[in-house]
Amino acid sequence: MQAQTASGKKVLVAYFSHSGNTREMARQIAEATNGDLFEIVPQSAYPAQYDAVMAQAKREIGRGYRPALKGRLPDIGAYDVIFVGSPCWWGTVAPPVATFLAAYDWSGKTVAPFMTHGGSRMGRSEEDIGKLCHGATLLGGLPVRGSAVKGSLDAVGKWIGGMNLSK
Ligand SMILES: Cc1cc2nc3c(=O)[nH]c(=O)nc-3n(C[C@H](O)[C@H](O)[C@H](O)COP(=O)(O)O)c2cc1C
């Protein structure tokens, strides 16, 4: 049985993280909502080296590449609200997140995007997520600067507080 909030809504927190910031934010959101965590993992890991990952991400985003993901994807039919987290990569979601979003029928679901970034905030990710989530109700996203993620509990709490989801 899936975890459930006080409001009875079932919450999934799905995220991709390359260097850990978005993972930390996802943990905070899962903790605040009693949601289930799912890490989106590409079959081929991105290089750790900064220049290499920047170049690969630029290429992939430029041509709309959707990398294959590792493991079995969660059954989102079991959830009402799906938080979707990504680092800001070249102003949008990282390619594995685009793969994840494209894998589902989002009709009737509520999608809440969150992002860690180095200054671009949500970039154009909300628009891009909207295009991949036909039929979903898209809530306004929460951007947190990657370097400030350890101190983002308050912002996360306020954001979730406005959604009637707290446990
Ligand atoms: C390939 C790549 C592209 C990035 N592009 C942007 C960007 O366009 N705007 C921005 O504010 N930060 C950008 N960043 C910084 C990351 O969004 C930021 O460090 C984020 O917190 C990393 O999250 P993670 O630790 O979960 O991977 C980029 C980082 C990488 C590796």
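What follows is a chat about the ligand site and two loop residues in a predicted model.

Colleague: What makes the oxygen of the ligand and threonine 22 a polar contact?

Modeller: A polar side-chain atom of threonine 22 lies 2.6 Å from an oxygen atom of the ligand, and the cut-off is 3.5 Å, so the pair counts. Glycine 91 uses a backbone N or O atom, 2.9 Å from a ligand oxygen. For glycine 118 a polar backbone atom is 2.8 Å from an oxygen of the ligand. Taken alone, the ligand exposes 650 Å², and the protein buries 85% of that.

Colleague: Which pocket does the ligand sit in, and how many residues surround it?

Modeller: The ligand sits in the largest pocket. There are 20 residues around the ligand, and the closest include Ser17, Ser19 and Cys88.

Colleague: Which elements supply at least two residues of that shell?

Modeller: Those are α1 (21-33), α2 (50-62) and β4 (110-117). With three residues, α2 gives the most.

Colleague: How do the shell residues divide into nonpolar, polar and charged?

Modeller: Seven are nonpolar, 13 are polar and no residue is charged. Glycine is counted among the polar ones there.

Colleague: Why is asparagine 34 called partly exposed?

Modeller: The relative accessible area of asparagine 34 is 33%. Buried means under 20% and exposed over 50%, so a value in between is partly exposed. Asparagine 34 is found in the loop between α1 and β2 (36-39), and has a positive phi of about 60 degrees although it is not a glycine.

Colleague: Where is arginine 121 found?

Modeller: Arginine 121 is in the loop between β4 and α4 (125-132). Its phi is positive too, near 55 degrees, in a residue other than glycine.

Technical notes. Residues numbered from 1 in each chain as written. Predicted model: local features only at pLDDT ≥ 70, side-chain atom pairs only at ≥ 80, totals over all residues. Heavy atoms only, no water. Near = heavy atom within 4 Å. Polar contact = N/O pair within 3.5 Å; in protein donor to acceptor, adjacent residues only side chain to side chain. Areas by Shrake-Rupley, 256 points an atom, 1.4 Å probe, with all protein chains shown as cover. 1 Å grid on protein atoms, 1.4 Å probe; cavity = no way out; pocket = protein on both sides within 12 Å on 5 of 7 lines; lining within 4 Å. Sits in = over half its atoms within 2 Å of the grid points. Helix = DSSP H or I, 4+ residues; strand = E, 2+ residues; numbered from the N terminus. Buried < 20%, exposed > 50% of the residue type's maximum accessible area, 1.4 Å probe, protein only.
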